[in-house]
Structure formats: structure tokens, C-alpha cells
Amino acid sequence: MTGEIKHEWPLFEVFVRAKRGLNHVHVGSLRAADHEMALHHARDLYTRRNEGVSIWVVRSEDVVASGPDDKDAFFAPSGDKAYRHPTYYSIPDSVPHI
Amino acid sequence: MSDVAGEKVFAEIIEKDQRIEPRDWMPDGYRKTMIRQIAQHAHSEIIGMQPEGAWITRAPSLRRKAILLAKVQDEAGHGLYLYSAAETLGADRGDLTRRLIEGRQKYSSIFNYPTLSFADVGVIGWLVDGAAICNQVPLCRSSYGPYARAMIRICKEESFHQRQGYELLMTMMRGTTVQREMVQDAVNRWWWPSLMMFGPPDADSPNTAQSMAWKIKRHTNDELRQRFVDMTVPQAEALGVTLPDPDLRWNADREHYDFGAIDWSELKRVISGDGPMNAERIARRRQADEEGAWVREAAAAHAAKRTEVRA
């Protein structure tokens with residue numbers, strides 16, 4: 001056997017909608033030759049017990065993600081905007097339904 | 001991120017009992033340990049299809065055949081969840097399969113024993129999957145996020161595996177004398193190998209301390225083994241079988257069952273490749289890989305051709 005690793009099939013990320021009304025949620029990955037096969041494999045692998053009513057598959061290499069190192073710089077702008085939260089505003093207890 | 005800063009963030013996440021995620025900084029040792037553990041676990045699920053798979057064509061009824069097919073399919077699924085988790089650490093599943101086939105990575109020693117009668121299918125569900133559940137439930141809180149999430153999925157499905165096995169055995173125990181003897185014979189053969197599934201005793205398990213510090217493992221091998229024995233004894237009584245250990249008895253002081261000495265030389269022998277079925281299991285896995293190669297290549301060629309047409 002040669003030392004070369006053959007990447008026969010690309011990697012896909014799988015997202016499943018558990019039931020109507022919910023978002024698709026990432027559940028894992030799998031390898032498949034193409035998108036159609038990825039969908040079939042995702043059905044067999046991730047929904048053997050009615051775990052889903054809809055599946056998305058996305059080529060893993062097409063996912064663009066923020067890195068953990070970006071955390072401070074990337075998410076900091078929301079940290080100093082306390083006025084975006086309802087608790088920022090003081091309203092007397094006597095005012096109903098607000 | 002520098003290694004010093006990375007180490008600090010990593011230690012804080014572990015300390016706060018939060019999860020490490022794929023793109024986080026992690027020590028090389030953690031990554032290597034995680035890949036080794038997840039790969040070994042994935043290989044066990046894949047090789048674990050063989051002992052029971054051998055009985056699919058000989059299942060005694062359509063109901064039992066459908067159950068067994070579903071169970072073996074689950075084992076394949078568990079292997080794939082785990083390879084998926086390993087790939088988040090930079091491992092490649094083709095490479096992992098090659099390492100398995102070439103004997104460079106291990107799988108659970110339990111699958112190197114033969115399944116001699118249909119009662120073995122029931123005993124594997126009851127004892128082997130029961131032991132696996134003991135091992136795996138704490139792993140749902142393992143510090144590596146993708147592994148912990150895979151384990152949650154797996155544990156949900158293992159419960160079906162254990163219950164179908166126990167129900168199968170209850171059915172056989174209500175049958176003929178010969179059937180009851182088959183169950184007892186299978187219990188006699190699988191009991192000690194099941195206890196060995198928890199690994200060497202703590203004193204002889206060099207990786208345990210580091211794995212506990214990293215919160216990869218939550219309990220020691222001996223703690224989990226004791227838990228399994230305590231759970232299983234009343235189940236054996238309810239079933240009407242005898243566990244093959246004359247030293248097995250309730251210890252009121254410890255509030256645990258005492259059990260006899262395990263033959264660790266057997267575990268060492270089976271792990272190092274000299275169990276009854278090691279060669280056959282690997283040969284079968286290699287055969288499946290080699291005979292499936294043309295299908296994978298054809299599917300890849302078909303996909304490439306269709307992409308060309310579309311462009």
C-alpha cells in the first residue's frame with residue numbers, strides 16, 4: 001500500500017429540522033460523492049428514528065466561519081450597547097403590561 | 001493565538017466545565033488523545049457489526065431479523081458519527097480506516113470473540129451493550145464538544161440495543177431446556193470479556209490521570225466496572241441465569257458486589273492480536289474496503305462528470 005491517502009469523497013455538513021416550526025440545526029458531517037448522495041446518506045445516518053422533517057447538506061469547504069481568536073474583536077461591538085436590551089430602561093412598577 | 005495565551009484559555013474552559021470546540025486552541029497531547037480515543041471508539045462500532053451481523057441471515061424469525069438489521073445498521077451509524085467527530089480534529093477517515101486495517105489503531109477487545117449461537121446475540125445486547133452504556137453515559141459530558149454530542153446521540157440508541165437483547169434472552173429462558181442452556185452457555189462465555197471492556201485496572205492504566213484532568217474521562221475504569229457489576233447482578237437474577245464467578249457476592253460494608261479476579265493476561269493477549277477472532281475481523285474489514293473501492297471510485301467519477309456537464 002502506498003502512503004498516499006485517497007480522498008475519495010468530499011466532506012459535507014448536515015443540518016436537520018427536527019419538526020416544522022424549528023430551525024435547521026447542525027448535526028454532524030458525512031462523506032459523499034455529490035450533493036444528492038449526501039442527502040440520502042444524511043437521511044440514513046441522522047434520521048433513522050424520525051429525528052427530522054427536512055435536511056440541508058452543505059460542502060464543508062463552503063462554510064465560512066468566525067474563528068475563536070476573533071472572539072473579542074468580532075463580538076465586542078455588541079458588548080457596549082446595553083441600550084439594545086429591554087432591561088436598560090427603567091419604568092416604574094406601577095405601569096402595567098410593559 | 002500564542003501557545004501561552006491558548007493554554008490559558010483552554011485551561012479556563014476545562015476548569016469551568018465548558019466544552020472545547022474544533023477551532024479552539026488545544027494542547028497537542030489533548031488533540032492526539034482525543035483522535036486516538038474517538039478513532040478507537042469508531043473502529044469498535046464498525047468492527048462490532050461483524051459478530052452480530054453473522055446472525056442476520058440465520059435469525060429465527062422475521063421480527064428478530066428486522067431488529068438485528070436495525071441494530072447492526074445503528075452500529076454503522078455510531079461509527080460514522082464518531083468518524084465525523086474525529087474529522088473535526090483534523091483526522092481523515094480514509095486514513096483512520098487504513099490505520100485500522102493495518103493494525104496500527106485498536107478497537108475494543110470484546111469483538112474478537114466468536115458468536116457461537118443465537119443466544120450470543122441476546123447476551124451481546126444485554127452485557128456488551130450494557131457495559132458500553134456504562135462507559136458511554138459519562139462520555140456525554142466529555143470536554144470535547146463534537147465527541148460529547150456524538151455520544152448523546154449514541155446513548156439514545158444503545159438503550160434499544162440493550163433492551164432487545166434482554167427481551168430476546170427472556171424469550172429463550174421461557175423456551176426449552178436446550179434454549180435455557182444456550183443462554184447460560186453464552187453468559188458463561190461473555191461475562192469475563194464484558195468486564196474487561198472497561199480496560200485495565202486503575203493501577204495499570206497510565207493515561208487515566210491525564211484524561212481525567214482534561215475531563216475527557218469522568219470516571220476510572222474500576223469505578224465503571226463496579227457500576228456495571230452492581231447493575232447487572234439483579235438483571236441476571238431476574239433472567240434466571242448464573243454469572244460464572246464463585247466470588248460474586250454482596251458486600252454490605254462497601255454496598256457493592258465483590259467479584260473475582262479478572263484474568264488480565266487474557267485481555268493483554270486479545271488486545272495484542274491473539275484473540276480467537278482478531279485476524280478474521282480485520283480480514284473482513286479489509287475485504288469490505290477493497291471490494292467497495294470500485295463503487296466509491298465510480299460514484300466519484302459520476303459526480304465529476306455531472307459537474308462538468310452542468311458547467
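The following questions and answers concern the fold and surface of chain A in a predicted model.

Local features need pLDDT of at least 70 and side-chain atom pairs count only at pLDDT 80 or more, while totals for chains, interfaces and linings use all residues. Residues are numbered from 1 along each chain as its sequence is written, chains are lettered from A and ligands numbered from 1 in the order in which they are written, and side-chain values use heavy atoms, with hydrogens and water left out.

Reader: In what pattern do the helices and strands of chain A follow one another along the sequence?
Author: Helices (H or I, at least four residues) and strands (E, at least two) are DSSP runs, numbered from the N terminus. Chain A has two helices and three strands. Along the sequence, their pattern is β-β-α-β-α.

Reader: Which strands of the sheet in chain A stand at the edges?
Author: Strands pair if DSSP finds at least two bridges between them. The open sheet of chain A has antiparallel pairing and the order β2-β1-β3. Each edge strand has a single partner, so one side of it is left without a neighbour in the sheet; these strands are β2 (24–31) and β3 (54–59) of chain A.

Reader: Which residue in β3(A) stands opposite A:F12?
Author: Strand β1 (residues 11–17) of chain A runs antiparallel to β3(A), and six bridges join the two. The residue opposite A:F12 in β3(A) is A:R59.

Reader: What percentage of the residues of chain A count as buried?
Author: Buried means under 20% relative accessible area, with a 1.4 Å probe and protein chains only. Chain A has 98 residues, and the buried share is 22%.

Note on methods:
Buried means under 20% relative accessible area, exposed over 50%, partly exposed in between (1.4 Å probe, protein chains only).
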